[in-house]
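Colleague: I am new to this model and would like to learn how to read some of its features. May we go through them in turn?

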Amino acid sequence: MAGNNNNSHQESGLRQFFIAFFIGAGAVVIGAVIFLVIRIRLTGGTRQDVVTIDSRPEAVANIETADIDQVHYDEIEAVPYLENLIDANGNVDVTQVPHLYIYPLLNDNRGFDASYSSEGRVAVTNSNNLTPKEFGELLERLYDAGFMLVRMRDLVYTEETPDNGLRIMPRTDFSLPEGKKPLILTEDNANYHHTTEGIGFASKIVLQNGSLKCLYKNAEGAEKVGNYDAVPILEDFLKGHPDFSYNGARMTLALTGYNGVFGYRTDVSYQTGIGLTDLQEKWLAANPEFDYDAEVESAKEVAQVLLDAGYEFANKTWGDRIVGTSKLADLKVDLEKWKTSVEPIIGKTDIFVFSHDSDISDTPGDYQSNNDKYNYFTSEGYHYFCTGSRGVFAKEYYGIDYMCSARYGLTPYNLIIYNQDGNTAGIFNALGIGNFGPMLDSRRPEGYMYAS
């Protein structure tokens with residue numbers, strides 16, 4: 001009997017041990033799943049740790065390396081793009097229009113050389129910025145695949161309401177010429193911030209005989225005017241491919257304000273000297289002839305030519321804020337700075353781009369009447385919102401007084417690194433434009449450093 005009792009005690013102890021072990025293991029698994037779900041909800045499935053450069057947040061995180069020789073770019077036969085995008089009657093499904101965005105273009109190899117800036121800046125540049133050659137080839141492929149530029153407002157009907165609001169209704173009768181597919185394109189940060197000076201980027205948008213061009217200073221210090229960023233490249237492309245634009249549509253230029261707009265130092269801090277960053281002070285010291293009023297007038301002239309050409313402007317917050325994690329009170333202060341420094345130059349806009357793929361709702365594009373940020377922005381006249389793709393490539397959401405478009409970044413990080421796990425290959429394949437590898441600029445170094 002004693003032996004049986006001992007065996008029973010041992011078996012009971014083993015059962016308790018295994019029960020405790022499985023309960024503990026289950027808790028670990030459940031905890032990990034909860035962590036991943038929360039992280040995906042907060043970041044849209046991408047890493048968005050923040051590194052501060054010149055006291056301004058930018059979407060950079062762990063610096064990673066990848067040997068480009070180990071990345072294979074196999075051309076895959078194109079598949080039909082979103083089978084239901086255009087119905088049998090030729091009408092576009094305005095909930096599935098692709099919206100792509102870019103950052104300013106890198107013109108020379110200084111952006112890949114940490115001696116001109118820092119390792120962190122090189123990682124950001126290599127992750128975010130295409131070259132003119134890469135952007136030009138993307139335009140060619142998008143055109144060959146039948147895409148044409150449209151505006152977000154082309155996809156809706158609107159009507160004013162008695163309380164001075166706006167009602168928005170998705171169109172069911174929007175169509176394009178036969179064989180054409182809609183594309184929304186945005187360039188973020190067409191401000192030419194101080195952090196991009198001296199490392200191969202354009203410094204401002206300028207007018208040359210009435211044409212939109214960019215000013216660029218090369219490594220030898222010589223100033224050149226030409227196609228050194230997306231606006232003049234797109235303008236030249238449209239001269240030869242006018243059917244790439246629907247009713248004169250161009251890109252939307254998403255702007256911050258803290259360093260001015262279009263490369264012109266128009267923020268009031270340059271006039272008052274209050275709240276200047278180290279880089280702003282350095283720039284003012286290097287430009288003693290700076291005339292604030294003349295700078296503002298030049299920026300207004302460029303803004304008007306851009307508007308006349310078909311470009312639209314979007315508020316990306318004055319300080320490049322992450323709206324999802326910012327307090328409403330801080331967003332209100334930010335918008336007042338926008339009204340003071342940006343709006344007098346570009347005029348009013350009803351488009352808001354949520355910086356760093358953020359959103360003002362846990363569910364993308366779903367803004368309810370109890371959402372204070374949504375209520376505030378619509379009360380300020382914003383009705384077109386842009387957020388990150390968050391796992392959905394092409395998606396538009398509609399509410400009673402707003403449209404929200406999910407964007408996908410045409411960035412080297414998305415186009416090269418993601419290619420390794422097939423995501424970009426699938427997206428490019430769906431668009432019918434092949435893979436990014438053959439478009440790669442040969443000037444990019446073989447060793448890649450990325451900020452994801």
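Colleague: Is C404 buried or exposed?

Modeller: Burial is judged by relative accessible area, and a residue under 20% counts as buried. In this predicted model, C404 has a relative accessible area of 0%, so C404 is buried. C386, at 1% relative accessibility, also counts as buried.

Colleague: How many disulfides does a search of the whole structure find?

Modeller: A disulfide requires two cysteine sulfur atoms within 2.5 Å. The search finds zero. For C386, the nearest cysteine sulfur belongs to C404 and lies 7.1 Å away, so the pair does not meet that cut-off. Seen from C404, the nearest cysteine sulfur is that of C386, and C404 is likewise in no disulfide.

Colleague: How should a helix be read, and why is α4 described as largely enclosed by the rest of the structure?

Modeller: An α-helix has 3.6 residues a turn, so residues three or four places apart point the same way. In α4, which spans residues 230-240, eight of the 11 residues are buried, so the helix is largely enclosed. Among the buried residues are I233, F237 and the charged residue E235.

Colleague: Which residues lie nearest the centre of the largest pocket?

Modeller: They are E197, S203, K217, W283 and N287, out of 39 lining residues. The volume of this pocket is about 930 Å³.

Colleague: Which helix gives the most to the lining, and what is the character of the lining residues?

Modeller: Helix α6 gives the most, with four residues. Elements supplying at least two residues each include β9, β10 and α7. By class, the lining has 14 nonpolar, 14 polar and 11 charged residues.

Definitions and conventions. Residues numbered from 1 in each chain as written. Predicted model: local features only at pLDDT ≥ 70, side-chain atom pairs only at ≥ 80, totals over all residues. Heavy atoms only, no water. Buried < 20%, exposed > 50% of the residue type's maximum accessible area, 1.4 Å probe, protein only. 1 Å grid on protein atoms, 1.4 Å probe; cavity = no way out; pocket = protein on both sides within 12 Å on 5 of 7 lines; lining within 4 Å. Points joined across faces, edges and corners; volume = space filled by probe spheres on them.
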